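These are some notes for a colleague who is opening this structure for the first time. They are set out as numbered points, to be read with the sequence and the model side by side.

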Amino acid sequence: MYYSLTGKLSHLEEGFAVVNCAGVGYKCMTTMTTLSCLPPVGSEITLYTHLNVREDALDLFGFYSESECSAFKMLIAVSGVGPKSALAVLSDMTPEKLSLCIASGDVKSLTRAPGIGPKAAQRIILELKDKISNESLASGIGDVALQLRQEESNTSEAASALVVLGYSQSQAAQALVGIDPDTPVDEMIKRGLKALAGRIER
């Protein structure tokens, strides 16, 4: 029903933002990620929105980026994952990292979000894996790699990327053991994620 809202940011609080449009203040439930991206109160903003309809309430959710809004919609489509859990996941990771976790079967990272246990994480991976395109995966890995463009070996760069994604230095190093040092960094990251998820394909 509502694709986006553009107006003045009139109030900020933990868990939601209020956007004033033509004299009406719209309370948008949102993630910590979106809250951290918003300008000061009084600024003009646009939030991409989703209206969640329940028998006893209409809840409006707003996000700083279209990709975060799309990820939220995908998550709440998973059986047993409600809006509160979806917000928790996206407060803990970006849509790009979520795509990487789903594509690589990374249950551990998903369970770091409050309210997401191993079974819920497995359902998210199972139900969304086919919806995560190769293009989305490549984009997510590319974003990580861009943060780490330094004059260092491919293995070191891939290990640094895995650390950015939440793994320890030792876990990252073990995941990359046996991979040819001349392997492209993006491929190393993919294979390292699979190794960390217990699905080594070398």
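1. Asp-130 sits in the loop that runs between α6 and α7, the latter spanning 134–147. The model is a predicted one, and in it Asp-130 has a relative accessibility of 79%, so this residue counts as exposed. Although 27 residues separate Asp-130 from Ala-103 in sequence, their C-alpha atoms are 8.6 Å apart in space.

2. Lys-131 also belongs to the loop between α6 and α7, and its relative accessibility of 52% is over the 50% cut-off, so Lys-131 counts as exposed. In sequence Lys-131 and Met-74 are 57 residues apart, yet in space the distance between them, C-alpha to C-alpha, is 8.7 Å.

3. Turning to the helix before that loop, the buried residues in α6 are Ala-120, Ala-121, Ile-124, Ile-125 and Leu-128. When α6 is viewed down its axis, these buried residues fall within an arc of 140 degrees, and they therefore line one face of the helix. The face turned away from that buried side carries Pro-118, Lys-119 and Leu-126, which are exposed. The cover over the buried residues of α6 includes α2 and α4, together with α5 (107–110).

4. Helix α2 can be read in a similar way, since its buried residues are Glu-68, Cys-69, Ala-71, Phe-72 and Leu-75. Seen down the axis of α2, they fall within an arc of 160 degrees, so that they line one face of the helix. The elements against which the buried residues of α2 pack are helix α1 (32–37), strands β4 (44–53) and β5 (58–63), and the helices α3, α4 (95–104) and α6 (118–128).

5. The packing of α2 with α3 deserves a separate look. The axes of α2, residues 66–76, and α3, residues 83–92, come within 9 Å of each other and cross at roughly 135 degrees, and the two helices are therefore oblique to each other. Their crossing is right-handed. On the α2 side the contact involves Glu-68, Ala-71, Phe-72, Leu-75 and Ile-76, while α3 contributes Pro-83, Ala-86, Leu-87, Val-89 and Leu-90. By class, the residues of this contact comprise 9 nonpolar and 1 charged, with no polar ones.

6. Which residues, beyond its neighbours within four places in sequence, is His-50 in contact with? They are Tyr-2, then Asp-59, Leu-60 and Phe-61, and also Phe-72, Lys-73 and Ile-76. His-50 itself is found in strand β4, and its relative accessibility is 18%, which lies under the 20% cut-off, so His-50 counts as buried.

7. A second pair of helices to inspect is α8 and α10. Helix α8 covers residues 154–164 and helix α10 covers residues 185–196, and they pack with their axes 9 Å apart at an angle of about 50 degrees; α8 and α10 are therefore oblique to each other. The crossing of α8 and α10 is right-handed. In α8 the residues that take part are Asn-154, Thr-155, Glu-157, Ala-158, Ala-161 and Leu-162, and they meet Val-185, Met-188, Ile-189, Gly-192, Leu-193 and Leu-196 in α10. The contact of α8 with α10 divides by class into 8 nonpolar, 3 polar and 1 charged residues.

8. One backbone detail should be checked by eye. Most residues other than glycine have a negative phi. Ala-22, although it is not a glycine, has a positive phi of about 55 degrees. Ala-22 is placed in the loop between β2 (16–21) and β3 (24–29), and with a relative accessibility of 88% it counts as exposed.

9. Finally, some totals may help to place these details within the whole. The secondary structure of the protein comes to 10 helices and 5 strands, and buried residues account for 42% of its 202 residues. Of the contacts between residues at least 6 apart in sequence, 51% join residues that are at least 24 apart.

Methods: Residues numbered from 1 in each chain as written. Predicted model: local features only at pLDDT ≥ 70, side-chain atom pairs only at ≥ 80, totals over all residues. Heavy atoms only, no water. Axes fitted to C-alpha atoms, helices over the stretch in contact; angles between N-to-C directions. Helix = DSSP H or I, 4+ residues; strand = E, 2+ residues; numbered from the N terminus. Parallel < 35°, antiparallel > 145°, perpendicular 65-115°, else oblique. Left-handed = near helix turned anticlockwise from the far one by under 90°. Contact = heavy atoms within 4.5 Å. Nonpolar A, V, L, I, M, F, W, Y, C, P; charged D, E, K, R; others polar. Buried < 20%, exposed > 50% of the residue type's maximum accessible area, 1.4 Å probe, protein only. Arc of directions from axis to C-beta.
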